[in-house]
Amino acid sequence: MLRTRRPLTRRIAIGTAVLGAAALVPVGATPAAGAPPTPGRQQEYAAAAAEFGVPESVLLAVSYLESRWDSNAGTPSTSGGYGPMHLTDHRHVRSLGGAEPEHGEDRRGDPARPGPVTGQAAPDATSRPTVPGQPSPATATAPDDPSADSPGSQTLDTAAGLTGATETALRTDPAANIRGGAALLATYQRDLAGPTGRASDPAAWYGAVARYAGSDQADAAAVFADEVYRTIVEGAARTTDDGHRISLAAHPGLVPQRSRLDRLGLRTPPTPATGAGAECPRDISCEWIPAPYEAFGDGDYGNHDLSDWPARQKIEYIVIHDTEETYDNTLRLVQDPTYVSWHYTLRSADGHIAQHVRAKDVAWHAGNWYVNAKSIGLEHEGFAAQGTWYTEAMYRTSAKLVRHLAARYDIPLDRQHIIGHDNVPGVLPGNVAGMHWDPGPYWDWSHYFDLLRAPFSRTGGPRTGLVTIDPDVHTNRPAFTGCETAGTPCAPHGSSAVVLHSAPSADAPLVNDVGLRPDGTPNTMHIADHGARVSAGQTYAVAGRQGDWTAIWYLGQRAWFHNPASKPTAKWATGLVATPKPGRATIPVYGRAYPEAAAYPAGVPVQAVTPLQYTLAAGQRYAVGDVLPGEYYRATTFDGSSPGDWTVIRGDTRYVQIQFGHRIMYVDADDVLLLPSPVGAPR
């Protein structure tokens, strides 16, 4: 996360949707052309297309790029959009009010040189609503938010005028919402003097589709329109979050009339000078908005560190954050030299990307210096709590960027290396409770990895000893609380997260995370209290099975989740596991993989290898993510003048990265045996 956690009521941004020409990953088989529509939602699309004279394929594809046809229970998206057509209503969202932002962790995460202390919190800091039993963070004042006046920010009231529907109906009734989207598309097409009618050529609607993106930038609007037309060409089919089966027949050979984009008069970003452009794939909308690197005097500086990746140190991770802020405010924050930094910001409305820190340099984003020094941070406009949802446009653009970066820097596309901020460990025991939990349980990891073309798949059987978490995100709806007010239920919403119990029963208490609750009490269902949950794509060693329940090794204990064979929430997997060497009753677990003291040159302070408050006991097993060298990137001065600065200190110690709890952690390779996942899971 970036800086401030706002309630559901504070989702505001600009524009409306988008992607690059990334491959569509349809859910389900594409139906044959001419297949009869199924009753219900499909007929509502057909009726709206006929009423307002829009080709049904255009209406369906635009809606897919906005919401994947989901209704999201009438809650706003991260950019203030409602319903299957993502009709935006920023004024209404702003009127609902919101919680004050909160301070978060030290985003630099290096006690050798603490991060800046400012009057503002880190962008995603308020994605930690107060958890019962934990202290309330301090508050700060957020910048004014002008996003309600941004392009594309108020399409819902326009749709109300065109259709006669009330604004409340357009926000909460999917059929009214679809009518509103169709009316907008028809109006945009008439404004461009294009052909209208349900039977008109879909290819001639390119300009209207581009305008629907709500962007003031020609490249962002074009990327959105191109992805809409890719969807029309390839087709799609899926079941929505409220149970409607919808299909869009493939239209191979359709070529959109892209020249119609010129009629919109959108801003064209200037061509950057050689070497000054953003590091993005060419087929997404991306610009360079640099984070400042400035000295303040008295040895202080911000807001990132210089390095030379990957020549100096290999990039191991890509960290997924959400901003807990609007896009516009996020850009202002990253341009503050006294603030923190991240490499990329992604806009929810149209998937547009801004890069701020070069991939070769170290941004201050994850709260753990070891991870910061080996990662690229992506901030996604959004809010992790209150049942919010992320646009398909942003998911797809993000996936294209991550695929590009992973290929360039040889980063595996798995959940051991593509991680959330919520998977980053605290560097020391005192840092554990303050670590962030974004992008939260509503980020759809399974869909995201489908878009990365690295879907979670079964690689083993019931006796192979490992499981990869992968619930059905629509039907898996944990009863979280505290999204808006402590103790109150969150709106029902599909989730990638699976809740862990201390015994094989839904009535059993949740497990304990001693780093969050040192008194040993069970963790809770509070949205920010993620000490008793796992999420899609994470792999764990099986610790037992009983009826419809499966136990995994988790933070030094058995943790049970409901996993019936008729509707599994996990896939059987194979791989390596780490277990203590014979004769070791317990071994320490670390939040950073630093070298031994003897590796440090004279004059460079030794960074202690301090265990966290967890232990790994004999007989327990944890899935292995990687084997890594002990490394410490020394960077404590603006100009590299301190002894050892701008160098990577390497030792002989090797570490094994394991999936120890919800977060990754590290153990000394000399303390463990690495074994194939055992055949015959314990019962």
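# Helix H4, cores, cavities and odd backbone spots

Mentor: This is a predicted model. Start with helix H4: its buried residues pack against helix H1 (41-52), strand S1 (81-82), strand S2 (87-88), helix H5 (167-172) and helix H6 (174-191).

Trainee: Which residues of H4 are the buried ones?

Mentor: H4 spans residues 155-163, and its buried residues are Thr155, Leu156, Ala159, Ala160 and Thr163.

Trainee: Where do they sit around the axis?

Mentor: On the same side of H4, because they cover an arc of only 145 degrees. An α-helix has 3.6 residues a turn, so residues three or four places apart point the same way.

Trainee: And what comes just after H4?

Mentor: Gly164, with a positive phi of about 80 degrees.

Trainee: Switching to cores. How many residues are in the largest nonpolar one?

Mentor: It has 69 residues. Leu378, Tyr448 and Tyr666 have the most contacts inside it.

Trainee: Which helix gives the most to this core?

Mentor: Helix H11, residues 392-409, which contributes eight residues. There is also a second, separate core of 52 residues. Tyr45, Trp69, Val93 and Tyr212 are included in that one.

Trainee: Now voids. How many cavities of 30 Å³ or more?

Mentor: Five. The largest has a volume of about 100 Å³.

Trainee: Which lining residues are closest to its centre?

Mentor: Asp513, His530, Tyr614, Arg663 and Met665, out of 15 that line the cavity. By type, the lining divides into eight nonpolar, five polar and two charged residues.

Trainee: Backbone next. Where are the cis peptide bonds you'd flag?

Mentor: One joins Gly302 and Asn303, with omega about -5 degrees. Asn303 is in the loop between strand S7 (300-302) and strand S8 (304-305). Another runs from Trp309 to Pro310, with omega near -15 degrees. Pro310 lies in the loop between S8 and strand S9 (317-322).

Trainee: What about positive phi in a residue other than glycine?

Mentor: Asn72 has phi near 55 degrees. Its loop lies between helix H2 (56-67) and S1. Trp646 has phi near 60 degrees. That residue is in the loop between strand S25 (622-634) and strand S26 (647-659).

Trainee: Does Asn72 count as buried or exposed?

Mentor: Buried, because its relative accessibility is 8% and the cut-off is under 20%.

Trainee: And why does Trp646 count as partly exposed?

Mentor: Because its relative accessibility is 25%, and partly exposed covers the range between under 20% and over 50%.

Technical notes: Residues are numbered from 1 along each chain as its sequence is written. This is a predicted model: local features need pLDDT of at least 70, side-chain atom pairs count only at pLDDT 80 or more; totals for chains, interfaces and linings use all residues. Side-chain values use heavy atoms; hydrogens and water are left out. A nonpolar core is a set of buried Ala, Val, Leu, Ile, Met, Phe, Trp, Tyr and Cys residues joined through side-chain atoms within 4.5 Å. Buried means under 20% relative accessible area, exposed over 50%, partly exposed in between (1.4 Å probe, protein chains only). Helices (H or I, at least four residues) and strands (E, at least two) are DSSP runs, numbered from the N terminus. On a 1 Å grid over the protein atoms alone, a cavity is a set of points where a 1.4 Å probe fits but cannot get out, and a pocket is an open set with protein on both sides within 12 Å along at least five of seven lines; lining residues have an atom within 4 Å of a point. Grid points are joined across faces, edges and corners, and a volume is the space filled by probe spheres set on the points. Ala, Val, Leu, Ile, Met, Phe, Trp, Tyr, Cys and Pro count as nonpolar, Asp, Glu, Lys and Arg as charged, and the others, Gly among them, as polar. The arc is that of the directions from the helix axis to the C-beta atoms. Contact means heavy atoms within 4.5 Å.
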